[in-house]
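This report describes the fold of one protein chain, working from a pair of helices to the nonpolar core and then to a single residue. The sequence and the structure are shown below.

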Amino acid sequence: MKRFILALTAFIASFSISAQTQDADYQFLEVVFGTEEFAQISVNTAKLDWYVFLDSQGYFIQDVAPKDISEMPDALLVPPVKQDIPALTEEIIQSESFHSMYYHFSRLNDENLYYRIGDSSKMMIIYSSNSLKKKYSESH
């Protein structure tokens, strides 16, 4: 009986931790969409998973030195989607807490888009919608 109670307690604890982690994974979406729209979206876990995938896998940062990328649009000039989100900086882009969906990055269906990151030698590649859909379907 003790083993059953211990196993049940461990299961409940792991489920609770998993739910908290999942909630944290989706929390940034409430900032992007607002509370009401997020509540509507959140009933569809597949849609939430797509947005998390899009946010984390929809771009790539690469150092392209010594290539001249000065003619590319600057990622640091891309505005945030809401006023309370800070303007982009190199530090924000490089941080673990960066969410690309916080900013109005353009995305094309068939072509990747390229941005330089300030005056650095780093470039941000925004993957096309079609390539992301393919990558998502292969991973899920």
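## The pairing of α3 and α5

Helices α3 and α5 are oblique to each other, as they appear in this predicted model. The axes of α3, which covers residues 45-57, and of α5, which covers residues 129-139, come within 11 Å and cross at roughly 120°; because angles over 145 degrees count as roughly antiparallel and those from 65 to 115 as roughly perpendicular, an angle of this kind falls under oblique. The crossing in which α3 passes α5 is right-handed.

On the α3 side the contact is made by Ala-46, Asp-49, Trp-50, Phe-53, Leu-54 and Gln-57, and these meet Leu-132, Lys-133, Lys-135, Tyr-136 and Ser-139 of α5. Sorted by character, the residues of this contact comprise 6 nonpolar, 2 polar and 3 charged.

## The chain as a whole

The protein chain contains 5 helices and 3 strands, and from the N terminus on its elements follow the order α-α-α-β-α-β-β-α. Of the 140 residues in the chain, 30% are buried. Among contacts with a separation of 6 or more, 57% are between residues 24 or more positions apart.

## The nonpolar core

The largest nonpolar core has 28 residues, and those with the most contacts inside it are Leu-29, Phe-98, Met-101, Tyr-103, Phe-105 and Met-124. At least two residues of this core come from each of α1 (2-33), α2 (35-41), α3, β3 (122-126) and α5, with α1 giving the most, 5 residues.

Phe-98 illustrates how such a residue is surrounded: leaving aside residues up to four places away in sequence, Phe-98 touches Asp-55, Tyr-59, Leu-88, Ile-92, Ile-93, Tyr-103, Phe-105 and Met-124. Of these neighbours, Tyr-103, Phe-105 and Met-124 are themselves listed among the core residues with the most contacts.

## Ser-100 in its loop

Ser-100 lies in the loop between α4 (90-94) and β2 (113-116). Is this loop residue buried or exposed? Ser-100 has a relative accessible area of 6% and is therefore buried, since the cut-off for a buried residue is under 20%.

When residues up to four places away in sequence are not counted, the contacts of Ser-100 are with Leu-54, Asp-55, Tyr-59 and Phe-105. Asp-55, Tyr-59 and Phe-105 are also touched by Phe-98, while Leu-54 is one of the α3 residues that meet α5.

Technical notes
Residues are numbered from 1 along each chain as its sequence is written. This is a predicted model: local features need pLDDT of at least 70, side-chain atom pairs count only at pLDDT 80 or more; totals for chains, interfaces and linings use all residues. Side-chain values use heavy atoms; hydrogens and water are left out. Helices (H or I, at least four residues) and strands (E, at least two) are DSSP runs, numbered from the N terminus. Buried means under 20% relative accessible area, exposed over 50%, partly exposed in between (1.4 Å probe, protein chains only). Contact means heavy atoms within 4.5 Å. Axes are lines fitted to C-alpha atoms, for helices over the stretch in contact, and angles run from 0 to 180 degrees between N-to-C directions. Angles under 35 degrees count as roughly parallel, over 145 as roughly antiparallel, 65 to 115 as roughly perpendicular and the rest as oblique. A crossing is left-handed if the near helix is turned anticlockwise from the far one by less than a right angle, and right-handed if clockwise. Ala, Val, Leu, Ile, Met, Phe, Trp, Tyr, Cys and Pro count as nonpolar, Asp, Glu, Lys and Arg as charged, and the others, Gly among them, as polar. A nonpolar core is a set of buried Ala, Val, Leu, Ile, Met, Phe, Trp, Tyr and Cys residues joined through side-chain atoms within 4.5 Å.
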